[in-house]
Amino acid sequence: MEESCGSAVKPAVEATGVSLAYRHNRNRAGTIKGFAIDVVKGKTASEEVWALKDVNFSLSSGEVLGVIGRNGAGKSTLMKIVARVLPPTEGRIVVRGAVAPMIELGAGFNTEMSARENIVLYGTLLGRTPVQMRERVANILDWAELNEFVDVPIRTYSSGMLARLGFAVATDIEPDVLVIDEVLSVGDASFQLKSKERMIQLIDSGAAVLFVSHDLDAVEEVSDRVLWLDRGHTVMMGDPKEVVQAYVGSV
Amino acid sequence: MTSTYVYDSDQSRRPIVTELTNIWVYRGLLRLLVTRDLTVRYKRSTLGVWWTLLNPLLTMSVFWVVFSQVFRFEIPGVPFVVYLLSGIVFITFFAQGVIATGSSIVNSASVLSKVYVPAEVFSVAAAVAALVNFTISLLPLLVIQLFTGVGIPWTVILVPIPAFFLLLLVAGLGLLVASAAVFFYDVLDLTAVGVQLISYLTPTFYPITMIPDHFRWIIQANPLYSYLTVFRGFVYEGAFAPTWNFVMMIASAIVVLLLGVWVFTRSWKNLVVVL
């Protein structure tokens, strides 16, 4: 805590010239056999595809940056770079604090295990210790309203129940940086409302949020600034209303 | 606690040291993954973890019928079942370990492409799970040693030595396979064939004396032969294997592990991008 107080000026997320290239092999079969055939045919040349090119922004605690753009604009790639999953090919990303990547919630779930076991495993994947997670199990189940289904394997869960569980664990770790990629569109109306409340709570308590969504109304409503990406490039960044309007005008 | 944590992409070059400290930092996760590997496999079966004990016994029975009753193999100085079962539990550790570690990264792709976790934790967990399975399967072996009158020599407390070096070998080979499997999926199929070949080149169910003198070096050049000789010496013979077996065992384990870690750290940056 001392650190974050003393360096209150330092933003939670800083992206400078962040770029990411996927090396894309046109004839790539993904097997040695396929590779050998490619070599024989002389088709091993791979081409680089830049999913992101020179993206710059900084995000302070308690701030929400909305990210919009068409499919394939590089939004999810940017989320993954902030979440530390993908290292940038060029440029630099600095993230101060714990990150909760809410990209496809429950990616670490094992369907044969119970909710209890999954909470501990998923939380540990997100950087907590098993001991901390075991203490949180009851709280998380309460919030997700899954108390009656604690010890059954989660393969019996509905997709809505899984989403609730994933969201509950990811937000329970009280992250400093929250990366949200289109996850609030899952679940029923009451869950959406509840998760929105939880998010606002986290923002109020000082979390920096990166929010990706195709729901432009929601983006305009919750964001302090909006970043518009197109084919990996920054088109515009600034006031939510202006950016969203410009984006709508371009479509 | 975590609020002072800073991630800076410029400073994450990950030398081998980072690789090792990651295992320590993520030891809680490692433990969970090992337990998951051990329990989930048998979760839907009635016998559950008992399969770990039953599997080597069943395999042993088949081999015993074929090679002891049909082909009349005999090992001087020790009941054939003991020779056979010690070979089977040993080679199972190797084969299962390499395949599980090798497929660990591909199998955890869905997690690794969404949450930041050092990938090697998954590989090490697979190798350790194989070690735990091996340890459990020593139980039926020791019981059979008692029943057949071979007894349990004091050297049994030294069994962790060959087990440890085999773990290093398995982890090293597994990391090599795991790095390659991300780029070429059929590496895993090739590995299965390779592992089977090496297993047959290891005297698990046949006596080494059966091999003609001028071909015997092929078996002896296989590092696994040395591990197995050391292991059998400790577990039922109550004897130390020749020194060259120890040298071969330790040297091969260290070389393969370093090679595996080196290749893995060099390819990690591309790993997730490809996943």
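Reader: What makes Thr52(B), Pro56(B) and Met60(B) the buried residues of H3(B)?

Author: Thr52(B), Pro56(B) and Met60(B) are called buried because each meets the cut-off of 20 or more other C-beta atoms within 10 Å of its own (12 or fewer is exposed, in between is partly exposed, and C-beta atoms are placed from the backbone). The model is predicted: local features need pLDDT of at least 70 and side-chain atom pairs pLDDT 80 or more, while totals for chains, interfaces and linings use all residues. Residues are numbered from 1 along each chain as its sequence is written, with chains lettered from A and ligands numbered from 1 in written order.

Reader: What do the buried residues of H3(B) pack against?

Author: They pack against helix H4 (80-107) and helix H6 (120-147) of chain B; a contact requires C-beta atoms, placed from the backbone, within 7 Å.

Reader: How do you know that the reach of H3(B) is close to the one expected?

Author: H3(B), residues 50-70, has 21 residues (helices are DSSP runs of H or I, at least four residues, and strands of E, at least two, numbered from the N terminus). The expected span is 1.5 Å times one less than the number of residues, therefore 30 Å here, and H3(B) reaches 29 Å from its first C-alpha to its last.

Reader: Where is the kink in H3(B) centred?

Author: On Trp64(B), at about 30°, the angle between axes fitted to the seven residues ending at a residue and the seven starting there. After H3(B) comes Arg72(B), with a positive phi near 60°.

Reader: Turning to chain A, why is E3(A) called mostly covered?

Author: Five of the five residues of E3(A), residues 64-68, are buried. Val64(A), Gly66(A) and Ile68(A) cover one side, and Leu65(A) and Val67(A) the other. In a regular strand the side chains alternate between the two faces of the sheet.

Reader: How do you know that E3(A) pairs with E8(A)?

Author: Pairing takes at least two DSSP bridges, and E3(A) has four with E8(A), residues 225-230, so the two pair, in the parallel sense. Ile68(A) stands opposite Trp228(A) there. E3(A) also runs parallel to E7(A), residues 208-212, over four bridges, where Leu65(A) partners Leu210(A).

Reader: What joins E4(A) to E1(B)?

Author: Three bridges, with the strands antiparallel; Val94(A) has Asp8(B) as its bridge partner. The contact between the chains takes 39 residues from chain A and 30 from chain B. On the chain B side, H2(B) gives the most, with five residues.

Methods
Two residues are in contact if their C-beta atoms, placed from the backbone, lie within 7 Å.
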